[in-house]
Amino acid sequence: MIGRSIILGFVFVLTYTPIWTQSVLNQPVNLEFQSVNLEQALLQLISESSLNISFSNDILPDKQLFSKAFNDEPASKVLDFLLAGTAIGYKVVGRQIVLFQIVPDPQFYTISGILEDRFTGERLIGASVYETISLKGTTTNAYGFYSLTLPEGPSKIVFSYLGYQQVSHA
């Protein structure tokens, strides 16, 4: 008898946390926003529900105003509405909902080509290709070919080879 109650208690502990976590986002919310910014809407959501929401004001945009009523809607639907079009996400940590800034993955592009003498067509082996903003560079291979992956944004590429005039392209 004691063995069964310990096992049942253990199973309950293992399954309780995910069920409770899910119920935080499924909690029904009843409130109405009337021309409030995101910070005011979140504070209203906290005060008019039993949700514990943690966020930093530094990540909140304040330009958009919200006006909408929610009747017995899950908290997740309200948060999805409020955070739509922002770079803010949310997750449940323990018994609270934590808002966080979504940092997009940096975008990259690759430039490549072959360096050769303009007059003779001779391939330039071991020529330097250097980007002055990101400070990334490479050299051409045995065929005069180069490939350089750079972060998105403006760039200034410098091509140089011993005995030749340096060339820059922005």
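Which residue, with a positive phi, follows H3? In this predicted model, the residue that comes after H3 is Gly85, and its phi is positive, near 80°. With that small detail in hand, the overall layout of the chain is a good place to continue.

The chain contains 3 helices and 11 strands. Read along the sequence, these elements follow the pattern α-β-α-β-β-α-β-β-β-β-β-β-β-β. Of the 170 residues in the chain, 28% are buried. Among the contacts with a separation of 6 or more, 54% are accounted for by residues 24 or more positions apart.

Helix H2 spans residues 38-48, and the residues buried in this helix are Leu38, Ala41, Leu42, Gln44 and Leu45. Viewed down the axis of H2, these buried residues fall within an arc of 160°, so they line one face of the helix. What lies over that buried set? The cover over the buried residues of H2 includes strand S1 (28-36), strand S2 (53-54) and strand S3 (66-74). Helix H3 (75-83), strand S4 (88-93) and strand S5 (96-101) also belong to this cover. The N-terminal end of H2 has a cap, which is provided by Asn37. A side-chain oxygen of Asn37 lies 3.2 Å from the backbone nitrogen of Glu39.

Helix H3 can be described in a similar way. Its buried residues are Ala75, Ser76, Val78, Leu79, Leu82 and Leu83. Seen down the axis of H3, they fall within an arc of 160°, so they line one face of the helix.

How do the two helices sit against each other? Two packed helices are described by the angle between their axes and the distance between the axes. For H2 and H3, the angle is about 170° and the axes are 11 Å apart. An angle over 145 degrees counts as roughly antiparallel, and H2 and H3 are therefore roughly antiparallel to each other. On the H2 side, the residues that meet H3 are Leu38, Ala41, Leu42 and Leu45. Their partners in H3 are Val78, Leu79, Leu82 and Leu83. Sorted by class, this contact has 8 nonpolar residues, with no polar and no charged ones. The lists of buried residues fit well with this picture: Leu38, Ala41, Leu42 and Leu45 are among the buried residues of H2, and Val78, Leu79, Leu82 and Leu83 are among those of H3.

Individual residues add further detail. Leu31 has its place in strand S1. Is Leu31 buried or exposed? Buried means under 20% relative accessible area, and Leu31 is buried because its relative accessible area is 6%. Leaving aside neighbours within four places in sequence, Leu31 is in contact with Gln44, Leu45, Glu48, Lys68, Ala69 and Phe70. Two of these partners, Gln44 and Leu45, are buried residues of H2. The C-alpha atoms of Leu31 and Asn71 are separated by 6.7 Å, although these residues are 40 residues apart along the chain.

Asp58 gives another example, this time in the loop between S2 and S3. With a relative accessible area of 74%, Asp58 is exposed. The C-alpha atoms of Asp58 and Gln101 are separated by 9.6 Å, and these residues are 43 residues apart along the chain.

The backbone angles also deserve a look. Most residues other than glycine have a negative phi. Asp72, which is not a glycine, nevertheless has a positive phi of about 55°. Asp72 lies in strand S3 and is exposed, with a relative accessible area of 55%. Leu135 is not a glycine either, and its phi is positive at about 65°. This leucine, Leu135, is located in the loop between strand S7 (128-131) and strand S8 (136-139). Leu135 counts as exposed, at 60% relative accessibility.

The last residue considered here is Ser155, found in the loop between strand S9 (145-151) and strand S10 (157-160). Ser155 counts as buried, at 19% relative accessibility. Which residue shares a polar contact of 3.0 Å with the side chain of Ser155? The partner is Tyr109, and the contact joins the two side chains. Apart from neighbours within four places in sequence, Ser155 is in contact with Tyr109, Glu131, Ile133, Leu150, His169 and Ala170.

Technical notes:
Residues are numbered from 1 along each chain as its sequence is written. This is a predicted model: local features need pLDDT of at least 70, side-chain atom pairs count only at pLDDT 80 or more; totals for chains, interfaces and linings use all residues. Side-chain values use heavy atoms; hydrogens and water are left out. Buried means under 20% relative accessible area, exposed over 50%, partly exposed in between (1.4 Å probe, protein chains only). Helices (H or I, at least four residues) and strands (E, at least two) are DSSP runs, numbered from the N terminus. The arc is that of the directions from the helix axis to the C-beta atoms. Contact means heavy atoms within 4.5 Å. A polar contact is a pair of N or O atoms within 3.5 Å; within protein, one must be able to donate a hydrogen and the other to accept it, and residues adjacent in sequence count only if both atoms are side-chain atoms. Axes are lines fitted to C-alpha atoms, for helices over the stretch in contact, and angles run from 0 to 180 degrees between N-to-C directions. Angles under 35 degrees count as roughly parallel, over 145 as roughly antiparallel, 65 to 115 as roughly perpendicular and the rest as oblique. Ala, Val, Leu, Ile, Met, Phe, Trp, Tyr, Cys and Pro count as nonpolar, Asp, Glu, Lys and Arg as charged, and the others, Gly among them, as polar.
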